Amino acid sequence: MDVNWEALRRRARELTKRAYAPYSHFPVGAAGLAEDGRVVVGCNVENAGYGVTLCAECGLISDLVAGGGGHLLAFCCVDAMGTTIMPCGRCRQLLWEHGGPTMLIDTPAGVQTMAEVLPQAFGIDDLDRVTNQQEKS
């Protein structure tokens, strides 16, 4: 897979300028490459009720789904300084759902697969296994 990481990082940096981060003052931008070639993006959107704040990854996945869905091949997120940062655990799970174990993620330690970033991830296979077992009972 040919991923233009610099273009993704540049797009993610652009999205930090659109972030709404009046509480943390920590704007985050994200960009991903979908299997059909689309670049999908997101930025964090905070809220006074901190628990309902939306991470940049949430916006990116919404952009992916709203644009027709598909599978993510590559992902990166950056802070306002353009520094590559890691998604939180919740967002890693969200990215797993839409990218799977082979999706590439730009990390501070270099490009890694989601399987490396989220080992032993919980996913649809776990749900199917239990559902299928219950149907047999």
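Is R9 buried, partly exposed or exposed? R9 counts as partly exposed, because its relative accessibility is 21% and buried means under 20%. The model is predicted. The points below start from helix α1 and work outwards.

1. Helix α1 length. The helix covers residues 5-16, which makes 12 residues. At 1.5 Å a residue, the expected span is 16 Å. The end C-alpha atoms lie 17 Å apart, so the model agrees with that expectation.

2. The buried face. W5, L8, A12, L15 and T16 are the buried residues of α1. Viewed down the helix axis, they fall within an arc of 105°, so they line one face of the helix. That set packs against five strands: β1 (28-34), β2 (39-43), β3 (72-79), β4 (104-107) and β5 (110-113).

3. T16. This residue belongs to helix α1. T16 is buried because its relative accessible area is 6%, and the cut-off for buried is under 20%. Setting aside neighbours within four places in sequence, T16 is in contact with P27, V28 and G29. T16 also touches V78, D79 and A80.

4. Salt bridges overall. The whole structure holds six salt bridges. Among the residues involved, E6, R9, R13 and D106 are linked in a network. Two bridges of R9 are taken up next.

5. R9 and E6. Their side chains form a salt bridge, with N to O at 3.7 Å. Both residues sit in helix α1, three residues apart, so about one helical turn separates them. E6 is partly exposed, with a relative accessible area of 37%.

6. R9 and D106. Here the side chains meet in a salt bridge at 2.7 Å, N to O. The pair links distant parts of the chain: R9 is in helix α1 and D106 is in strand β4, 97 residues apart. D106 is buried, at 4% relative accessible area. So a partly exposed arginine, R9, is paired with a buried partner, D106. Strand β4 is also one of the elements that the buried residues of α1 pack against.

7. E14 and R11. A salt bridge joins these side chains at 2.8 Å, N to O. The two residues are three apart in helix α1, about one turn of the helix. What is the exposure of each partner? E14 is partly exposed, with a relative accessible area of 38%. R11 is partly exposed too, at 27%.

8. A nonpolar surface patch. Y20, Y23, V45, Y50 and L54 make a nonpolar patch of about 510 Å² on the surface. Where does Y23 sit? Y23 lies in the loop between α1 and β1. Its relative accessible area is 35%, so Y23 is partly exposed.

9. Summary for α1. One face of the helix is lined by its buried residues, which pack against strands β1 to β5. The helix also holds the E14 and R11 pair and the R9 and E6 pair. The R9 and D106 bridge ties helix α1 to strand β4.

Conventions:
Residues are numbered from 1 along each chain as its sequence is written. This is a predicted model: local features need pLDDT of at least 70, side-chain atom pairs count only at pLDDT 80 or more; totals for chains, interfaces and linings use all residues. Side-chain values use heavy atoms; hydrogens and water are left out. Helices (H or I, at least four residues) and strands (E, at least two) are DSSP runs, numbered from the N terminus. The expected span of a helix is 1.5 Å times one less than its number of residues. Buried means under 20% relative accessible area, exposed over 50%, partly exposed in between (1.4 Å probe, protein chains only). The arc is that of the directions from the helix axis to the C-beta atoms. Contact means heavy atoms within 4.5 Å. Patches are made of residues with over 30% relative accessible area and no salt bridge: like charges are joined within 9 Å, nonpolar side chains (Val, Leu, Ile, Met, Phe, Trp, Tyr) within 5 Å. Accessible areas come from the Shrake-Rupley method with a 1.4 Å probe; for residues, only the protein chains shown count as cover. A salt bridge is a side-chain nitrogen of Lys or Arg within 4 Å of a carboxyl oxygen of Asp or Glu.
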